[in-house]
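This note is meant for a first-year student who is about to examine the model below. Its points are numbered and may be read with the structure in view.

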Amino acid sequence: MAAAWARSQKRSSRNVAIAKTSQMPPRTFLATAAATGAGVLTWGATQQQQHQTRCDVDAASLAGGLVGGLAAGAVGGYMLGKSKADAVEAKYDKYWPRKIMLLFGAPGAGKGTQGEKIVDELDIPQLSTGDMLREAVAQGTAVGKRAKAVMEAGGLVSDDILIAMIAERIQAPDCSKGFILDGMPRTLVQAKAVDEMLAKTGENISLVMAFDVAPEILEERICGRWMHKASGRSFHVKFRPPKSMKLGPDGKPIPESMKDDETGEPLYQRADDTAEALKKRLKGYNDQTLPVLEHYRGKGIVRTVDAGKDMKAVWAEVSAKLVNK
Ligand code: AMP
């Protein structure tokens with residue numbers, strides 16, 4: 001679980017930095033800039049007077065003084081702006097609800113791919129229960145040992161494990177402004193448990209982004225998928241080939257050539273990304289997961305996206321539907 005957590009932590013420190021500057025109200029920024037500018041002008045005028053009376057001041061020392069004054073003004077302005085931004089951020093934390101959204105869709109619908117972009121857009125972490133479980137399996141933890149065989153066969157891991165796992169995860173500091181649930185809740189029991197858990201703190205899921213894809217498209221997407229373990233980035237031999245990909249004489253990618261675009265690290269194929277396991281995963285999705293969508297539809301928070309289109313077109317629809325209207 002450490003890598004999945006570290007991944008969202010990395011994003012979260014970026015979040016804070018961005019939040020601090022972007023949350024600085026325009027008025028504060030202008031006042032700060034005006035005060036800095038006025039200080040520099042007054043200082044400049046005084047300098048000029050002194051220059052007229054004291055002819056021994058040379059151009060170099062005047063220029064040095066000007067640069068020093070500008071730097072001092074900028075630092076002062078920055079500090080003033082920063083403390084205001086900190087105050088605004090503290091108010092956000094205190095009074096504003098967390099943004100809690102759910103990505104909903106069959107395996108291969110594009111939750112991971114689009115989720116990456118939503119994370120960048122909203123600056124809140126994506127909590128993929130599949131990633132957390134895979135990490136637990138890789139680490140050989142007690143949860144991982146219980147989950148491994150079920151996951152490889154494409155079945156569902158027991159609700160009690162998932163509920164405990166997510167309850168702990170959403171308390172981490174990087175979730176303080178919100179989070180994106182991916183792969184959870186996957187059963188009605190989980191949905192009700194998540195609702196109850198959030199209700200304890202007066203919270204609820206406020207947006208369900210449902211990815212709608214015809215089943216015949218899913219097999220091609222799943223069976224051609226390659227993943228980067230540390231980041232959760234996914235590639236596809238046809239739709240998003242890694243730059244390093246080379247094909248063998250049979251027209252299939254050479255496994256050793258499959259490397260992550262950003263880090264150059266090897267990609268891998270998930271043990272459950274096979275046509276056979278997909279059948280079971282889709283059955284579980286239809287029987288146990290689809291009722292979750294109906295549960296949230298009743299609350300008026302579901303927005304459906306046509307996720308059978310290409311990635312760019314899907315993102316255009318997703319980003320338009322992220323906006324509060
Ligand atoms: P995913 O990466 O979302 O496709 O999840 C991979 C596998 O992890 C699933 O096929 C399940 O075996 C397991 N899993 C992930 N999330 C859940 C969940 N909420 N409930 C039960 N099993 C889950």
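1. Overall arrangement. Among contacts in the protein chain between residues at least 6 apart in sequence, 76% join residues at least 24 apart. The model is a predicted one. The protein chain has 325 residues, of which 28% count as buried. Its secondary structure comes to 11 helices and seven strands.

2. Surroundings of the ligand. Which residues come nearest to the ligand? There are 17 residues around the ligand, and Thr129, Gly130, Gly183, Met184 and Arg186 come nearest. Two elements, helix 5 (129-139) and helix 6 (142-152), give two or more residues each to this shell. The largest share, three residues, comes from helix 5. By class, the shell divides into eight nonpolar, six polar and three charged residues.

3. Contact of helix 5 with helix 6. The two helices named in the previous point also cross each other: the axes of helix 5 and helix 6 come within 8 Å, at an angle of roughly 110 degrees. That angle makes helix 5 roughly perpendicular to helix 6. The crossing of helix 5 and helix 6 is left-handed. On the side of helix 5 the contact is made by Leu133, Ala136, Val137 and Gln139, and on the side of helix 6 by Val143, Gly144, Ala147, Lys148 and Met151. These residues comprise six nonpolar, two polar and one charged.

4. A cis peptide bond. Is the peptide bond from Met184 to Pro185 cis or trans? This bond is cis, with omega near 0 degrees. Most peptide bonds are trans, and the student may therefore wish to look at this one with care. Pro185 lies in the loop between strand 3 (178-182) and helix 8 (188-199). Met184, at the start of the cis bond, is also one of the residues that come nearest to the ligand.

5. Arg186 and Leu156. Arg186, likewise among the residues that come nearest to the ligand, is touched by Leu156. Leu156 is placed in the loop between helix 6 and helix 7 (159-169). Leu156 and Arg186 are 30 residues apart along the chain, and their C-alpha atoms are separated by 8.6 Å. Leaving aside residues up to four places away in sequence, Leu156 touches Arg186, Thr187, Gly284 and Gln288. Leu156 is partly exposed, because 19 other C-beta atoms lie within 10 Å, whereas a buried residue would need 20 or more.

6. Arg186 and Leu290. How many residues separate Leu290 and Arg186 in sequence? The separation is 104 residues, while in space the two are 8.2 Å apart, C-alpha to C-alpha. Leu290 is found in helix 10 (residues 275-297). Leu290 is exposed, since it has 12 other C-beta atoms within 10 Å, and a residue with 12 or fewer counts as exposed.

7. Contact of helix 9 with helix 10. Helix 10, which holds Leu290, is crossed by helix 9 (residues 215-223): their axes come within 10 Å, at roughly 135 degrees. This makes helix 9 oblique to helix 10. Helix 9 passes helix 10 in a right-handed crossing. Pro215, Leu218, Glu219, Ile222 and Cys223 of helix 9 make the contact with Ala275, Leu278 and Leu282 of helix 10. By class, the contact has seven nonpolar residues, no polar residues and one charged residue.

8. Contact of helix 4 with helix 11. Helix 4 (residues 111-122) and helix 11 (residues 311-322) pack at an angle of about 45 degrees, and their axes are 10 Å apart. Helix 4 is therefore oblique to helix 11. Their crossing is right-handed. From helix 4, Thr113, Gln114, Lys117, Ile118 and Glu121 meet Met311, Val314, Trp315, Val318, Ser319 and Leu322 in helix 11. This contact has six nonpolar, three polar and two charged residues.

9. A positive phi. The final point concerns Asp123, in the loop between helix 4 and strand 2 (126-128). Asp123 is not a glycine, yet it has a positive phi of about 55 degrees. Most residues other than glycine have a negative phi. Is Asp123 buried or partly exposed? With 19 other C-beta atoms within 10 Å, Asp123 is partly exposed.

Technical notes
Residues are numbered from 1 along each chain as its sequence is written. This is a predicted model: local features need pLDDT of at least 70, side-chain atom pairs count only at pLDDT 80 or more; totals for chains, interfaces and linings use all residues. A residue is near a molecule or strand if its C-beta atom, placed from the backbone, lies within 6 Å of it. Helices (H or I, at least four residues) and strands (E, at least two) are DSSP runs, numbered from the N terminus. Ala, Val, Leu, Ile, Met, Phe, Trp, Tyr, Cys and Pro count as nonpolar, Asp, Glu, Lys and Arg as charged, and the others, Gly among them, as polar. Axes are lines fitted to C-alpha atoms, for helices over the stretch in contact, and angles run from 0 to 180 degrees between N-to-C directions. Angles under 35 degrees count as roughly parallel, over 145 as roughly antiparallel, 65 to 115 as roughly perpendicular and the rest as oblique. A crossing is left-handed if the near helix is turned anticlockwise from the far one by less than a right angle, and right-handed if clockwise. Two residues are in contact if their C-beta atoms, placed from the backbone, lie within 7 Å.
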